[in-house]
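The following exercises introduce a structure step by step. Each task is followed by a worked solution.

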Amino acid sequence: MLKVLAALAVGAVLAGVASVAVVNVAAPTAEPPNKPLYNYGDR
Amino acid sequence: MLVRLGPVLLGLAFGVLALGPALGPGFVLRYDMVFVPDPPVRLGDGFPRAVPSDQVVAVLSAVIPGEIVQKAILLGLFVLAASGAAALARDALPGGGIVPRLAAAAFYAWNAYLAQRLLIGQWALLLGYAGLPWAVRAVSQAVSPAVSPAVSRGGAVRLAVALLPAAIGGFQAMLVSALTVLPVAALRQKGDRGEGGGGGRARAVLTTAGVLAVLGLPWLIPALASVARADAAADPAGVAAFAPRADGPFGTLGSLLTLGGIWNSHAVVPGQEMPALAAVRLALALVAVAGFVRLGFVRLGFVRRPAWWRGLATAACAGVLIACAGAFAPGAPRALIGWWAGFGPLRDGQAYVAPLALAQAVGVAVAVTALRAALPAPVAVAAVAVPVLALPTFALGAFGRLGTAGYSEEWRRVQAVVNGDPAPGALLSLPWSAYRAFSWNGGRVVLDPATKMFSRPVVWNDGLVVGAGDGTRIRLAAESPRARRIGALLAAPEAAPTTASPTAPLSVPLSVPLTASPTASPTASLTAALRREGVRYVLAGGVDENTFLSRLPGAALVYRGRELLLMRL
């Protein structure tokens, strides 16, 4: 029973972290600006 | 049946979840991923980076619409990766049941490596990644010729089939595969049927090397010819540009261990740097590594050390070392590339972390097997979802980073005009920069589609510009000799005013016509020089038409649209 509870706790933490991440990124995010010329990328 | 199809269905489900909006109508265009309607079958100038992937896509697109081909490839990556990892886990844990296999499948089809390489558009490399578990299995199952030459030939054929995705992907996919399968062949352990001794190993290495060489011929021949002619340039500055970087709080090494660390900060999934998420991924990686190590050193009843274990462990360590070299000892790859351009592929070292991903996937299966013994089955099954929870923002096309777009009618008309002209001559694509960010593509950065669209040689600036993160830019020399010559023409002092900005190589095609005198003589010499270089068409996007045309007297305006301008010299 203890193991099941521990597994549930770990699962709840994982789900919580994932939810926070999703909620954060679901807000509008900055995409690279619209330009005719652009770097391959930025480090 | 469900046990057999489980990993396939899981891979398909993960593919649908990860690609999301990218499965809608239109093309997915992002960084190096450029698919175009009706692509021609042709070889390009310069280093054969897209050989034979472009040609295979062109042939398939002659039968099936290109956008369907692209979506099938992208979904196929997930299915192939998941089913392969599950098959390898089955080899390692033959009595382990379906749950560990699904856990391995889930991990291999949903991790930072796959996400980042997808977001930078390197689907061809991912073909090699997806086929990697199948290639490892094929190498380890190939028996010694001493047993039976006929069976050995069958093993070589199986290996060739397993390496086919990598062969289609081209040079980078094959290099990652070679890094993995050669150690597996060399360090293969004696199996249950007595195969795999010393002599067998030597033959297995030769057979594996032979299959790799034959499948690599389409790009190997032009690449080596180019290097031998000394017209291929691999700028050692690329080591600084493409070295792995920290994409989370645990530094570059922590990023690599969690299968991330790609050089491009725009190729990470949103929120990837969040400490909590990074900590979950690091914990998962450590558990996975522990599981893989345990598989190699502990005899666990039904668990046995697979024949490929030592080889895969060696390949994983070698891959991490190659990646680390760019970040922690850049002098070594710089010296190698400076000595011989053939070492150029070492500059993007994070690509070689792929065998570590496979080793970790197997390690996750081992860990889940142990978990199943300790926990009720439904709880253990939930472990399959852990990779998704550790990288949740890979879902839905990384929350819009991947999406679809349709080419405007202008592109199709220009393509029809140029490809309908039987006269020889190259097309010069301007502005003189490799990457674009079109409004119709949602501002996503993508390689110039002109590089794939025309049936004649296309001259484009394959010299790359990478933002260094401190406001400066790292500029790499162009690889194609003709691109270098034409780049010099466009940037020549007599063609460009001395008042051009310090960022001239990037902005010359736009700034020069806007500021040069329409009556200046250099314009006439530019037209003539381009003709001498074999240029027949100039395609320009986003330029000031009136001033640009003045630079090319004698050129006929073939097409004028809001976005594109096509001139024939």
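**Exercise 1.** Which residue in E9(B) does B:Leu430 stand opposite?

*Solution.* The model is a predicted one, in which local features need pLDDT of at least 70 and side-chain atom pairs count only at pLDDT 80 or more, while totals for chains, interfaces and linings use all residues. Residues are numbered from 1 along each chain as its sequence is written, and chains are lettered from A and ligands numbered from 1 in the order in which they are written.

Step 1. Locate the strands, which are DSSP runs of E with at least two residues, just as helices are runs of H or I with at least four, all numbered from the N terminus. Strand E3 of chain B spans residues 426-430, and strand E9 of chain B spans residues 535-541.

Step 2. Establish the pairing, for which DSSP must find at least two bridges between two strands. E3(B) and E9(B) are parallel, with 5 bridges.

Step 3. Read off the partner: B:Leu430 faces B:Ala540.

Step 4. Consider the other pairing of this kind: E3(B) also runs parallel to strand E6 (residues 458-459) of chain B, over 2 bridges. There, B:Leu428 has B:Val459 as its bridge partner.

**Exercise 2.** Determine how the two faces of E3(B) are covered.

*Solution.* Step 1. Apply the burial criterion: a residue is buried if 20 or more other C-beta atoms lie within 10 Å of its own, exposed if 12 or fewer, and partly exposed in between, with C-beta atoms placed from the backbone. In E3(B), 5 of its 5 residues are buried.

Step 2. Assign the residues to faces. B:Ala426, B:Leu428 and B:Leu430 lie on one side, B:Leu427 and B:Ser429 on the other, and both faces are covered.

Step 3. Set this beside the whole chain: 56% of the 569 residues of chain B count as buried.

**Exercise 3.** Describe the sheet that contains E1(A), E7(B) and E8(B).

*Solution.* Step 1. State the order. The sheet is open, has 3 strands in the order E1(A)-E7(B)-E8(B), and its pairing is mixed.

Step 2. Identify the edges. Strand E1 (41-42) of chain A and strand E8 (473-475) of chain B each have a single partner strand, so one side of each lacks a neighbour in the sheet.

Step 3. Examine each pairing. E1(A) and E7(B) are parallel over 2 bridges, and A:Asp42 has B:Gly467 as its bridge partner. Strand E7 (residues 465-467) of chain B and E8(B) are antiparallel over 3 bridges; here B:Val466 is partnered by B:Ile474.

Step 4. Extend the view to the chain contact, where two residues touch if their C-beta atoms, placed from the backbone, lie within 7 Å. The contact involves 27 residues of chain A and 44 residues of chain B. On the chain A side, H1(A) gives the largest share, 13 residues.

**Exercise 4.** Which residues of helix H15 of chain B are buried, and what do they pack against?

*Solution.* Step 1. List the buried residues of H15 (residues 331-339): B:Pro333, B:Arg334 and B:Ile337.

Step 2. Compare their directions from the helix axis to the C-beta atoms, which define the arc. The arc is only 105°, which means that they lie on the same side of H15(B).

Step 3. Turn to the other side, where B:Gly331, B:Ala335 and B:Trp339 are exposed.

Step 4. Name the packing partners: the buried residues of H15(B) pack against H11 and helix H14 (309-328) of chain B.
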